[in-house]
Structure formats: C-alpha cells, structure tokens
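Subject: Structure handover

Hi,

Here is the structure I promised to pass on. Please load it first, then read the notes below.

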Amino acid sequence: MGDCLFCQIDKGEIPAEKVYDGEEVYAIKDVNPQAPTHLLLIPKKHLSSLMDMEVTDERLFGAILNVGKHLAKKMNLESSGFRIVLNTGSGAGQSVFHVHFHLLAGRPMKWPPG
Ligand code: AMP
Ligand code: ZN
C-alpha cells in the first residue's frame, strides 16, 4: 500500500529504528513509547487490521508472536514480564491501519488495561 506508514517504513521510505528485520516480519521502536520498552511487531504483508486476517495468515500471525518472544528473550524480559497488545479499530486505540502488535515492558502493567 503506497501511502501506508508501516509499508513505507518496511521499504525504507520513512526512517524508523528497526530492531529486527526478517523475511515476513519486522520490529521497530515505537516513536511515542508508553513504557521503557515499547516495540511494534509488524508483518510485511499489508493487512489493515486483525479483521483482514484469513485462515492462510494463521502461520504469519504465529511468526509475529514468535519474533516477539525472541526479542523479549534477547532483552531479558522473561522474569520481569512483558505485554503484547493488538488494538483493533479506532475505538480500541488503533491509529495505524496496518496490523501490528505492541510489545511493552519495563514498568508495572495494570489489569484491566485502560
Ligand atoms: P496503534 O495506535 O495501536 O495503531 O499503534 C500505532 C503506534 O505507532 C503508536 O503507538 C504510535 O506511537 C506508533 N507510531 C506512529 N508513527 C510511528 C513512526 N513513524 N515510527 C514508529 N512508531 C510510530
Ligand atoms: Zn501497510
């Protein structure tokens, strides 16, 4: 998608701090962090939101979470804990309509989330 922020970041057309770049998934630091660690886990395939997911994307979504797990392990977050969040729809806080997971850590996490 030509005008999509996360497609443009993937292609290097807009700069971002990439912390992982794989075949199907990449991860960047969130520009407006909500926790000491705040990464975005992003599939290279453009899907506007979780609602665009098809059965054929099941493996891709597993791959995204696996990248999150490996990054969390690399950052030693296993014992302190971390949260992975997927906002779907503007009412739930989604502002970029290219599906992505937030990986948040480094501060106490409240439940239920706000
Ligand atoms: P959401 O609100 O769930 O759609 O998440 C979108 C996230 O993208 C927000 O946390 C923003 O801070 C983040 N964001 C927006 N623009 C950029 C950018 N250029 N580089 C990195 N993160 C961004
Ligand atoms: Zn996109």
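Start with ligand 1. One of its oxygen atoms sits 2.9 Å from an N or O atom in the side chain of Asn-87. Keep in mind throughout that this is a predicted model.

**Ligand 1**

There are further polar contacts. An oxygen atom of ligand 1 is also 2.9 Å from a side-chain N or O atom of His-100. On the backbone side, a polar atom of Val-31 lies 3.2 Å from a nitrogen atom of the ligand. How much of the ligand does the protein cover? On its own, ligand 1 has 500 Å² of accessible area, and the protein covers 82% of that.

The surroundings of ligand 1 comprise 15 residues. Those that come nearest are Asp-30, Gly-93, Ser-95, His-100 and His-102.

**His-100 and Gln-94**

His-100 deserves a separate look. This residue is in the loop between β4 and β5. Its relative accessibility is 7%, so His-100 counts as buried; the cut-off is under 20%. Its side chain has a contact within the protein too: a polar atom there lies 2.7 Å from the backbone oxygen of His-98.

Gln-94 is found in the loop between β4 and β5 as well. Gln-94 is buried, at 5% relative accessibility. Which backbone oxygens lie 3.0 Å from a polar atom of the Gln-94 side chain? One belongs to Ser-48. Another belongs to Val-96.

**The zinc site**

Ligand 2 is a zinc ion. Its protein donors are Cys-4 (SG), Cys-7 (SG), His-46 (ND1) and His-98 (ND1). They lie 2.0 to 2.3 Å from the ion. What is the arrangement of the four donor atoms? It is tetrahedral, because the angles they subtend run from 104 to 118 degrees. For reference, all angles must lie between 85 and 135 degrees for four donors to count as tetrahedral.

Along the chain, the donors follow the spacing C-x2-C-x38-H-x51-H. Take Cys-7 and His-98 as a pair. Cys-7 lies in helix α1 (residues 5-10), and His-98 is in the loop between β4 (83-85) and β5 (101-105). These parts are 91 residues apart in sequence, so the pair ties them together. Cys-7 is buried, with 6% relative accessible area. His-98 is buried as well, at 0% relative accessibility.

His-98 thus appears in two places in these notes. Its ND1 atom is a zinc donor, and its backbone oxygen lies 2.7 Å from a polar side-chain atom of His-100. His-100 in turn has a side-chain N or O atom 2.9 Å from an oxygen atom of ligand 1.

**The chain as a whole**

The protein chain has two helices and five strands. From the N terminus, the order is α-β-β-β-α-β-β. The radius of gyration is 14 Å, and the globule rule gives 13 Å for 114 residues. The values are close, so the chain is as compact as a globular protein of that length. Its C-alpha trace spans about 40 × 30 × 30 Å along the principal axes. Of the 114 residues, 38% count as buried.

**Two backbone details**

Most residues other than glycine have a negative phi, and most peptide bonds are trans. Two spots are worth checking against that.

- Trp-111 and Pro-112 are joined by a cis peptide bond, with omega about 0 degrees. Pro-112 is in the segment after β5.
- Asn-76 has a positive phi, near 55 degrees. This residue is in the loop between α2 (58-74) and β4. Asn-76 is exposed, with a relative accessible area of 63%.

**Two long-range pairs**

- His-38 lies in strand β3. His-38 is buried, at 5% relative accessibility. His-38 and Leu-86 are 48 residues apart in sequence, and their C-alpha atoms are 13 Å apart in space.
- Gln-34 is in the loop between β2 (25-29) and β3 (37-43). At 45% relative accessibility, Gln-34 is partly exposed. Gln-34 and Gly-93 are 59 residues apart in sequence and 13 Å apart in space, C-alpha to C-alpha. Gly-93 is among the residues that come nearest to ligand 1.

Best regards

Note on methods: Residues numbered from 1 in each chain as written. Chains lettered and ligands numbered in written order. Predicted model: local features only at pLDDT ≥ 70, side-chain atom pairs only at ≥ 80, totals over all residues. Heavy atoms only, no water. Donors = N, O, S within 2.8 Å, 3.2 Å for Na, K, Ca; no water. Tetrahedral: all angles 85-135°; square planar, octahedral: opposite > 155°, others 65-115°. Helix = DSSP H or I, 4+ residues; strand = E, 2+ residues; numbered from the N terminus. Buried < 20%, exposed > 50% of the residue type's maximum accessible area, 1.4 Å probe, protein only. Near = heavy atom within 4 Å. Polar contact = N/O pair within 3.5 Å; in protein donor to acceptor, adjacent residues only side chain to side chain. Areas by Shrake-Rupley, 256 points an atom, 1.4 Å probe, with all protein chains shown as cover. Rg over C-alpha atoms; globule rule 2.2 N^0.38 Å.
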